[in-house]
Amino acid sequence: MTRFVLLLFSSLLLLPSAWAASFNTVVIDAGHGGFDRGGIPQNLIPEKNVALDVAQRVSRRLQNAGLRTVMTRNSDVFVTLSQRVAIANAQKRAIFVSIHFNSALRPGACGIETYYCRSASARQLAVLIQRNCMRTTNGENRGTKTANYYVLRKNKLTAVLVECGFLTNRADVSRATSKEYRESLAAQIANAILAFR
Ligand code: ZN
């Protein structure tokens, strides 16, 4: 019995969600930048600018809520994937949220999806972000998915990547080019992070 209780206790200590709940820092990773515009040639607008804008809005909102934020980039510069991960892995008591917009050869592809890699706590965070972001759009709810993206796979933090809409789709682009829309998207992402905490 005692051994069972000890085992139970030690496995509870190792629960990723219990650990993740103690974070006070959010690493916010705006996709692409500099010569890397993001997306594909069919993009109606480049990805790098709207990704950075949403990331900065998320950062401001989290700071206002008392969290510390670290941006992997805060201007239109190129940052390698390994630099992004190195910035993340240098943080303590932190989580990692990467912000991208999607693209597809099929112009009808639209909506939002959120990726995570392996950990149960990352899945939990992805579910919250996906649920909240879908409140901003009538585009397709593409759900949460696992992916072996470098910035997720090499990350020691609880790490997710949100694809905030397709820049190859007219309806998603008209949302993404609206400052009000990007602010409401950022509010939903920030609220999801605060709910996760
Ligand atoms: Zn991207």
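Are H32 and H100 buried or exposed? Keep that in mind for a moment, everyone. Both of them are buried, and we will meet them again at the zinc ion. Before that, a reminder: what we have on the screen is a predicted model.

Let me start with the overall layout. The protein chain contains eight helices and six strands. If you walk along the sequence, the order is α-α-β-α-β-α-β-β-α-β-α-β-α-α. The chain has 197 residues, and 52% of them count as buried. Now look at the contacts with a separation of 6 or more: 82% of these join residues 24 or more positions apart. As for the outside, the protein chain exposes about 9,500 Å², with carbon and sulfur atoms supplying 55% of that area.

Now, back to the zinc ion. Which protein atoms are its donors? They are NE2 of H32, two OE atoms of E47, and ND1 of H100, lying 2.1 to 2.8 Å from the zinc ion. Along the chain, these donors follow the spacing H-x14-E-x52-H. H32 is in the loop between β1 and α3, while H100 is in strand β3, so the pair ties together parts that are 68 residues apart in sequence. And what about the geometry? The angles subtended by the four donor atoms run from 51 to 144 degrees, which makes the arrangement irregular.

Stay with H32 a little longer. Its relative accessibility is 17%, and because buried means under 20%, H32 counts as buried. Its backbone also deserves a look. Most residues other than glycine have a negative phi. H32 is not a glycine, yet its phi is positive, at about 65 degrees. R118 is another residue other than glycine with a positive phi, near 65 degrees. You will find R118 in the loop between β4 and α5. With 60% relative accessibility, R118 counts as exposed.

Next, the aromatic rings. How many aromatic pairs does the structure hold? There are three. One of them is formed by F23 and F196, and this pair is stacked, with 5.9 Å from centre to centre and 25 degrees between the planes. F23 belongs to the loop between α2 and β1, and F196 to helix α8, so this pair links distant parts of the chain, 173 residues apart. Both F23 and F196 are buried. There is a charged partner here too: the charged end of R197 sits over the ring of F23, 5.9 Å from the ring centre.

My last stop is V27, in strand β1. Its relative accessible area is 0%, so V27 is buried. Setting aside residues up to four places away in sequence, V27 touches a list of residues, including V70, T72, I87, F96 and L157. Take T72 as an example: V27 and T72 are 45 residues apart in sequence, but their C-alpha atoms are 7.1 Å apart in space.

From the other side of that contact we have I87, in helix α4. Is I87 buried, exposed or partly exposed? At 26% relative accessibility, I87 counts as partly exposed. Leaving out neighbours within four places in sequence, I87 is in contact with V27, V70 and T72. I87 and V70 are 17 residues apart in sequence and 8.3 Å apart from C-alpha to C-alpha.

That is my tour. Thanks for listening, and please do ask questions!

How values were computed: Residues are numbered from 1 along each chain as its sequence is written. This is a predicted model: local features need pLDDT of at least 70, side-chain atom pairs count only at pLDDT 80 or more; totals for chains, interfaces and linings use all residues. Side-chain values use heavy atoms; hydrogens and water are left out. Rings of Phe, Tyr and Trp (its six-membered ring) pair if their centres lie within 6.5 Å; planes under 30 degrees apart count as stacked, over 60 as edge-to-face and the rest as tilted. Helices (H or I, at least four residues) and strands (E, at least two) are DSSP runs, numbered from the N terminus. Buried means under 20% relative accessible area, exposed over 50%, partly exposed in between (1.4 Å probe, protein chains only). A charge sits over a ring if NZ of Lys or CZ of Arg is within 6 Å of the ring centre and within 35 degrees of the ring normal. Donors are N, O and S atoms within 2.8 Å of the metal (3.2 Å for Na, K and Ca); water is not among the atoms, so sites may look incomplete. Four donors count as tetrahedral if all angles lie between 85 and 135 degrees; four count as square planar and six as octahedral if opposite donors are over 155 degrees apart and all others between 65 and 115; anything else is irregular. Contact means heavy atoms within 4.5 Å. Accessible areas come from the Shrake-Rupley method with a 1.4 Å probe; for residues, only the protein chains shown count as cover.
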